[in-house]
Amino acid sequence: MAIVLEREGYTTSSAVDGNDAIEMLKNFSYDMVIVDIHLPYHSGLELIKYLRKDLKQTTPVLIVSAFSDPQMQRQAGELGVSGYIIKPFDPDELIRLTKTIINQ
């Protein structure tokens, strides 16, 4: 994903796991966060809850998942997620969603 976005001119940062992502969210500000639902140490939903409730940030979030689980999508919607993309993803769809989310 980073390569696709960087080719479009976006600057990216990547976390290796949920703990790393929490540290990055604490220490930096982002225009958008892309989070996988399944991460070591913290789920993507836990990260979004942390971003919204603990850090009180409204940063747009795009969820990436290998599963099209309606319950998970409902939970993500309740957390104010801006988009949901299923793996394997279409690079053009990723770019389209990113542009839409960032330009809102």
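Which residue in S2 does Val35 stand opposite? In this predicted model, Val35 stands opposite Ile63 in S2, and the pairing of these strands provides a starting point for describing the sheet to which they belong. The sheet is open and consists of three strands in the order S1-S2-S3, with parallel pairing. Its edges are formed by strand S1 (33-36) and strand S3 (83-86), each of which pairs on one side only. Averaged over the sheet and with direction ignored, neighbouring strands are turned by 25 degrees against each other.

The pairing can be followed strand by strand. S1 and S2 are joined in the parallel sense over four bridges, and four bridges likewise connect strand S2 (residues 61-65) to S3, again with the two strands running parallel. Ile63 takes part in both pairings, for this residue faces Val35 on the side of S1 and has Tyr84 as its bridge partner in S3. In general terms, the strands of a sheet pair through backbone hydrogen bonds, in either a parallel or an antiparallel manner. The connection between S1 and S2 passes through helix H3 (residues 44-54), and the three elements together make a right-handed β-α-β unit.

Two residues in the loops of this unit adopt a positive phi although neither is a glycine. Tyr41, found in the loop between S1 and H3, has a phi near 80 degrees, and this residue counts as exposed because its relative accessibility is 61%, above the 50% cut-off. Lys56 is found in the loop between H3 and S2, where its phi is near 55 degrees; at 66% relative accessibility, Lys56 also counts as exposed.

A further lysine, Lys26, is found in helix H2 (residues 18-27). With a relative accessible area of 46%, Lys26 is partly exposed, since this value lies between the limits of 20% and 50% that separate buried from exposed residues. When its neighbours within four places in sequence are left aside, Lys26 is in contact with Tyr50 and Leu55. Tyr50 is 24 residues away from Lys26 in sequence, and the C-alpha atoms of the two residues are 9.6 Å apart in space.

Beyond the final strand of the sheet, the loop between S3 and H5 contains Pro88. The peptide bond that leads from Lys87 to Pro88 is cis, with omega near -5 degrees.

Helix H5 (residues 91-102) has twelve residues, for which a span of 16 Å is expected at 1.5 Å a residue; the C-alpha atoms at its ends are 16 Å apart, so the expected span and the model agree. Buried positions in H5 are occupied by Leu94, Ile95, Leu97, Thr98 and Ile101. These residues cover an arc of only 165 degrees around the axis, and they are therefore placed on the same side of H5. The partners against which the buried residues of H5 pack are helix H1 (2-7) and the strands S1, S2 and S3. The buried side of H5 thus packs against each strand named in the sheet order S1-S2-S3, including the edge strands S1 and S3.

Methods:
Residues are numbered from 1 along each chain as its sequence is written. This is a predicted model: local features need pLDDT of at least 70, side-chain atom pairs count only at pLDDT 80 or more; totals for chains, interfaces and linings use all residues. Side-chain values use heavy atoms; hydrogens and water are left out. Two strands pair if DSSP finds at least two bridges between them. Axes are lines fitted to C-alpha atoms, for helices over the stretch in contact, and angles run from 0 to 180 degrees between N-to-C directions. A crossover is right-handed if, with the strands pointing away from the viewer, the path from the first strand over the helix to the second runs clockwise. Buried means under 20% relative accessible area, exposed over 50%, partly exposed in between (1.4 Å probe, protein chains only). Contact means heavy atoms within 4.5 Å. The expected span of a helix is 1.5 Å times one less than its number of residues. The arc is that of the directions from the helix axis to the C-beta atoms.
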